[in-house]
Amino acid sequence: DDKLSRLAWLAGVASAAPVVVVDKLFHNLLTFPRGGSGGGQREGGHRAWRLSLWVTFGKGNKENNKALKDIGKGDKENKVLKNIKTAQRIARLSEVVQVQASLNDETARANTAAAEAVALRLAAAVSLARIEQLEASAGRLLPPISATALAAAPAAIEEVYRSYWRPGMHNLAPGLPYWPPPSATRSVLAEAATAEAFGGRELHCYADVRGHPSLLDAIGRKLLRENRVPPEGRRLVVTTGANQAFVSTLMATCAPGDAALVFAPYYFTHVVAMQLLGIRPHVVSCDPETLLPDPAAVARAVTAEGGRLRALVLTSPGNPSGAVIPERMLRALVDEAVRLGLWVISDEAYEHFVFDGAAHYSPAADVRARDNVLCLFTMSKSYGMAGWRVGYVSYPERLDEVMLKIQDTVPTHATTLAQQLAAAALDEGADWVRARVASLEPTRAALWAVVRETLELTGAHSVRGTGALYAFVRLPVGVSDEEAVRVLADAHSVLVLPGSSAGMAGHLRISFASVEPGSEAATAALGALRAGLDAIAASSRRVGGL
């Protein structure tokens, strides 16, 4: 009937790349008999689809069972809301299969792709349900929301805030350092506020899309001095933060229907950006014992994608893992990408945040790879300027035309005043940043001590990262990360992120940088976290999971 035709159409739009396994599963939903009133036949089709989904993703899984039950029950008033929540649960099924990657990479990759495709199709169904609800209430046809946008994963931090935030919470969710920008930026602000400067035109007019000259000069010096990236054969663009930089690099290197390789646990915004642009995330799990990627996975991904893989996305130090990819391994990853004709998008937002003797390496430092590597940086982390939204990209000069086209179309340019502040901050140099990163050591050590004395007593041993701003903490077997987030927020006023948002369920991302070391806020946050993790550990011992 018309409703099923529209559902099938939306499902096709939502899935950038059909997957054979999922097409077989979804066949029951889209092609069961439609004769008569459809009551018994439709219900039979729905049962067959639910059974197929259940068998594919594992009998007995609590999340699966709850999601599948929600599909088939509910009164009319709550049907749309339940379907939306079901879509979100199904979207997280890929996390379950991803943890199997170390056991059977080929099977895990196929299952992950299948789970993602099912999630996309189900989100399309949610889109249709929303439209029909509006039609029924308003008595008229409203234009549909983009199925691609609806199918993308949720914005992880905003999702946690919407669900749990209230005044007085201990906020250990965002990747935000406690310090403000360097004091040199104050004089720039003071100058900008003078009658002469504010009454002039420079701050208020359009400027060079590439960036403010003072900031471009400062970035060039910094890249050569700190990252060993020479300017020859490369260009720069200043962006409104590193997230815009990532979207711009995707738009410049990939087309809708292409795929990009990303290693789990991944930065959730990277995957959301791919989904919004119609680029398929090809997710491969890192080694669970080190949370480091396998260079051999690059060639396997190229083969699996049948020529559609265009880019390798690397984040080092890792968000959320904190893993710092050693230089030798990073070179091996990039060498494979270059050999196979792939772009390398290197997110280096946490370049200065290294601990325990680890060292950051920028792959653009290797002149053999400079035609393939795009490097992303931000002022948000190292220089405490998240609110000013300044990032930058160093990329091969042959991309210059398309990068400037994208820049002119999306932000036009970063805010002039913010760029002037960033230039002043960069002039402070890396020593200013290193001193503040070193100040995080006590809080970082205290957080890991809390983990060691609570969760790890249950046998849930975490991989201790040597970079970034986070502890990526493994939960006891059988404990849902979504439920752990809820318990910490509702019972202990602590906000953290679920590992499922990063493609690795059964973990939590906990920031140790957002509270000032030695402060009352830090003491209170660590105390509340200890109480919450202790309660989760105790519960797992009593009942085998939350």
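Why does Ala468 count as buried? Its relative accessibility is 0%, so Ala468 counts as buried; the cut-offs are under 20% relative accessible area for buried, over 50% for exposed and partly exposed in between, with a 1.4 Å probe and protein chains only.

This is a predicted model, where local features need pLDDT of at least 70, side-chain atom pairs count only at pLDDT 80 or more, and totals for chains, interfaces and linings use all residues. Residues are numbered from 1 along each chain as its sequence is written, and side-chain values use heavy atoms, with hydrogens and water left out.

**Backbone features in loops**

Ala468 lies in the loop between α20 (441-452) and β9. Helices (H or I, at least four residues) and strands (E, at least two) are DSSP runs, numbered from the N terminus. Two residues other than glycine have positive phi: Ala468 and Asp356. Two peptide bonds ahead of prolines are cis, Ser316 to Pro317 and Asn319 to Pro320. The angles and places are tabulated here.

| Feature | Angle | Loop |
|---|---|---|
| Ala468, positive phi | near 65° | between α20 and β9 |
| Asp356, positive phi | near 55° | between β6 and β7 |
| Ser316 to Pro317, cis | omega about -5° | Pro317: between β5 and α16 |
| Asn319 to Pro320, cis | omega near 15° | Pro320: between β5 and α16 |

**Strand β7 and its partners**

β7 is mostly covered, with six of its six residues buried. Val373, Cys375 and Phe377 point one way. Leu374, Leu376 and Thr378 point the other way.

Strands pair if DSSP finds at least two bridges between them. β7 pairs with β6 in the parallel sense, over four bridges. Here Cys375 is the bridge partner of Ser346. β7 also pairs with β8 (residues 391-396), in the antiparallel sense and over four bridges. Here Tyr392 is the bridge partner of Phe377.

**Ala369**

Ala369 sits in the loop between β6 (343-347) and β7 (373-378). Ala369 counts as buried because its relative accessibility is 1%. Beyond neighbours within four places in sequence, Ala369 is in contact (heavy atoms within 4.5 Å) with Val334, Val338 and Pro363. Arg331 is 38 residues from Ala369 in sequence; the C-alpha to C-alpha distance is 9.2 Å.

**Ser480**

Ser480 is in the loop between β9 (470-474) and α21 (481-492). Ser480 counts as buried because its relative accessibility is 18%. The Ser480 side chain reaches two backbone nitrogens: that of Glu482 at 3.3 Å and that of Glu483 at 3.2 Å.

Terms used. Polar contact = N/O pair within 3.5 Å; in protein donor to acceptor, adjacent residues only side chain to side chain.
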